[in-house]
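Colleague: Hi! I have a structure open and could use some company while I look at it. Can you walk me through what is there?

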Amino acid sequence: MGFSGFRVIKEALTGHRGWGPLWRDPAPRAQYDIVIVGGGGHGLATAYFLAKLYGRHRVAVLEKGWLGGGNIGRNTTIIRSNYLLPGNQPFYELSMQHWERQEQDLNFNSMVSQRGIINLIHSDAQRDSFRRRGNSMMLTGAGARLLDRDALRQMVPFLNYDNARFPIKGGLMQTRAGTARHDGVAWGYARAADRMGVDIIQNCEVTGFRIEGGQVRGVETSRGYIGAGKVGVAVAGSSGRVMAMAGLRLPIESHVLQAFVTEGLKPVIPGVITFGAGHFYISQSDKGGLVFGGDIDGYNSYAQRGNLPVVEDVAEGGMALMPMIGRARLLRSWGGLMDMSMDGSPIIDRTPVEGLYFNGGWCYGGFKATPASGHVFAHLLATDTPHDTATAFRLDRFARGHLIDERGAGAQPNLH
Ligand SMILES: Cc1cc2nc3c(=O)[nH]c(=O)nc-3n(C[C@H](O)[C@H](O)[C@H](O)COP(=O)(O)OP(=O)(O)OC[C@H]3O[C@@H](n4cnc5c(N)ncnc54)[C@H](O)[C@@H]3O)c2cc1C
């Protein structure tokens, strides 16, 4: 079943009786060539690219809950490729290029909206560092625009420019950045992968790995044993727990990140605004709600809900940046499980267990990475070599000292 404007009109005129489920609900087979653990954005995108680019169709995605129940359905939907370091920038730019053609590729409306992102500048030193970052973005074709205070004020007049503690001196803008509908992304990849023969199996928790002579043979699950030639793990905040079942300890901590949405308002915020000095970011959804967030909760946790100190901290950040937000009523808040790596950058690599591959450590920013992560992880699984844009994301980089510390915060996962 393809989607088109014509189809929507036809269904509207015939009582919407022609729509079917977007993907099948198959029982697990005894054996697959490749099993992906985790039906979040990254797992689903990996399965899609395995089938589409590498011709691997005997693939299953195993999801312990329901599809979209993890971070892919909980994030604040920001997509961007405004990175500095050579290990990161080309990878995120690859992702941005995928976003730009995603809806055509998947034949699915994931509401990709390139409404722009502005990172605010609060000091002269920060302007210097953002200018450097902008140059790095230009080198990969990501595009960057340095805004002075007047240009910024014209775009977003409602900010508190003269806050004594965080005066706003300008901004670094990426006009190609923006937002995409997070669960539409999961559904789009699931539907497209399913159509190419991938089995998406929900309510199927991986409870162990069968490893013989250092080689993975399959996975134990809540729905029985499933054999696999290769296993790729993409379980985001559950990375530590799942990889421990294979005897591996990761340089990752899990933390809760909360997000918030207000009642629907008339359009007021044109794009995404990030307030690095106080760590607060905000955009406005197509329904009108202000969607915003801030820091992770300050303790390790596997709970998908957070605590009140961060709620207070985020509300303070919002008030410092744009006092008018105090008039909006908060509708909902929620939390997701973040896989915070020691340098703030991801890991996409083989593991010491033959046939077992790992994708994780996405920290605050894995949603925007979803397409590229799926692409390069599929490349690694299919060819056993890292993709050109992901050669730096090695598991052993922490032992070698080759960190990709985008924020310059050191081995402090809570600060990335
Ligand atoms: C509040 C919040 C805001 C965010 N905002 C942004 C943003 O604006 N921009 C951005 O780029 N990123 C953002 N992120 C980060 C981003 O959402 C994540 O980095 C990314 O979604 C993680 O990858 P995923 O989609 O594959 O994860 P998930 O959707 O969490 O997928 C992992 C899946 O693995 C499953 N699983 C776990 N254990 C097992 C098991 N044993 N067996 C089978 N399945 C298992 C889980 O149920 C889950 O569905 C945000 C995250 C949160 C929580």
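Modeller: Happy to: we will go through the domains, the ligand, some helices and strands, and a few single residues. Keep in mind that this is a predicted model.

Colleague: Good to know. Which domains does the protein chain have?

Modeller: The domain assignment gives domain 1 (23-77 + 182-251 + 343-415) and domain 2 (114-176 + 253-341). Taken over C-alpha atoms, their centres are separated by 28 Å. Where they touch, 24 residues of domain 1 and 18 residues of domain 2 take part in the contact.

Colleague: And what classes of residue are on the side of domain 1 that touches domain 2?

Modeller: That side has 8 nonpolar, 14 polar and 2 charged residues.

Colleague: Now the ligand. Where does it lie with respect to the two domains?

Modeller: Domain 1 and domain 2 both give residues to the shell around the ligand, so the ligand lies between them.

Colleague: How many residues surround it, and which are the closest?

Modeller: There are 40 residues around the ligand, and the closest are G38, G40, G70, G336 and G366. Sorted by class, the shell has 15 nonpolar, 20 polar and 5 charged residues. Helix α2 and the strands β12 and β16 each supply at least two residues of that shell.

Colleague: Let's look at α2 then. Is it enclosed or in the open?

Modeller: Largely enclosed by the rest of the structure, because 11 of its 14 residues are buried. The buried ones are G41, H42, G43, L44, A45, T46, A47, Y48, F49, L50 and A51.

Colleague: What covers them?

Modeller: The cover includes the strands β1 (31-37), β2 (59-62), β11 (224-233) and β18 (356-360), together with the helices α6 (182-195) and α9 (370-383).

Colleague: What span should α2 have, going by its number of residues?

Modeller: With 14 residues (41-54) at 1.5 Å a residue, α2 should span 20 Å, and its end C-alpha atoms are 19 Å apart, which agrees. Just after α2 comes G55, with a positive phi of about 65°.

Colleague: You listed α9 as part of the cover. How many of its own residues are buried?

Modeller: In α9, 12 of the 14 residues are buried, so this helix too is largely enclosed by the rest of the structure. Among them are T370, P371, H375, F377 and L381. From first C-alpha to last, α9 reaches 20 Å, close to the 20 Å expected. Just after α9, D384 takes a positive phi of about 65°.

Colleague: What about α1, is that buried or in the open?

Modeller: Helix α1 (residues 5-13) lies largely in the open, because the number buried among its 9 residues is 0. Just after α1, G15 has a positive phi of about 75°.

Colleague: Switching to strands: which strand pairs with β12 over 11 bridges?

Modeller: That is β16 (residues 330-341), and the two pair in the antiparallel sense. One pair to find on screen is I252 with its bridge partner S341 in β16. β12 is also joined by 6 bridges to β15 (residues 289-300), again running antiparallel. There, L257 stands opposite I296. β12 itself (residues 252-264) is mostly covered, with 11 of its 13 residues buried.

Colleague: You have mentioned positive phi a few times. What is the usual sign?

Modeller: Most residues other than glycine have a negative phi. T77 has a positive phi of about 70° although it is not a glycine. You will find T77 in the loop between β2 and β3 (78-79). T77 is buried, because 23 other C-beta atoms lie within 10 Å. A236 is not a glycine and has a positive phi of about 50°. Its place is the loop between β11 and α7 (239-244), and A236 is buried, with 25 other C-beta atoms within 10 Å.

Colleague: Last one: is G224 buried or exposed?

Modeller: G224, which sits in strand β11, is exposed, because it has 11 other C-beta atoms within 10 Å. G224 and A30 are 194 residues apart in sequence, yet 9.0 Å apart in space, C-alpha to C-alpha.

Colleague: And R394?

Modeller: R394 is partly exposed, with 18 other C-beta atoms within 10 Å. Look for R394 in the loop between α9 and α10 (397-400).

Colleague: Great, thanks for the tour!

Note on methods:
Residues are numbered from 1 along each chain as its sequence is written. This is a predicted model: local features need pLDDT of at least 70, side-chain atom pairs count only at pLDDT 80 or more; totals for chains, interfaces and linings use all residues. Helices (H or I, at least four residues) and strands (E, at least two) are DSSP runs, numbered from the N terminus. The expected span of a helix is 1.5 Å times one less than its number of residues. A residue is buried if 20 or more other C-beta atoms lie within 10 Å of its own, exposed if 12 or fewer, and partly exposed in between; C-beta atoms are placed from the backbone. Two residues are in contact if their C-beta atoms, placed from the backbone, lie within 7 Å. Two strands pair if DSSP finds at least two bridges between them. A residue is near a molecule or strand if its C-beta atom, placed from the backbone, lies within 6 Å of it. Ala, Val, Leu, Ile, Met, Phe, Trp, Tyr, Cys and Pro count as nonpolar, Asp, Glu, Lys and Arg as charged, and the others, Gly among them, as polar. Domain bounds come from an automatic or database domain assignment.
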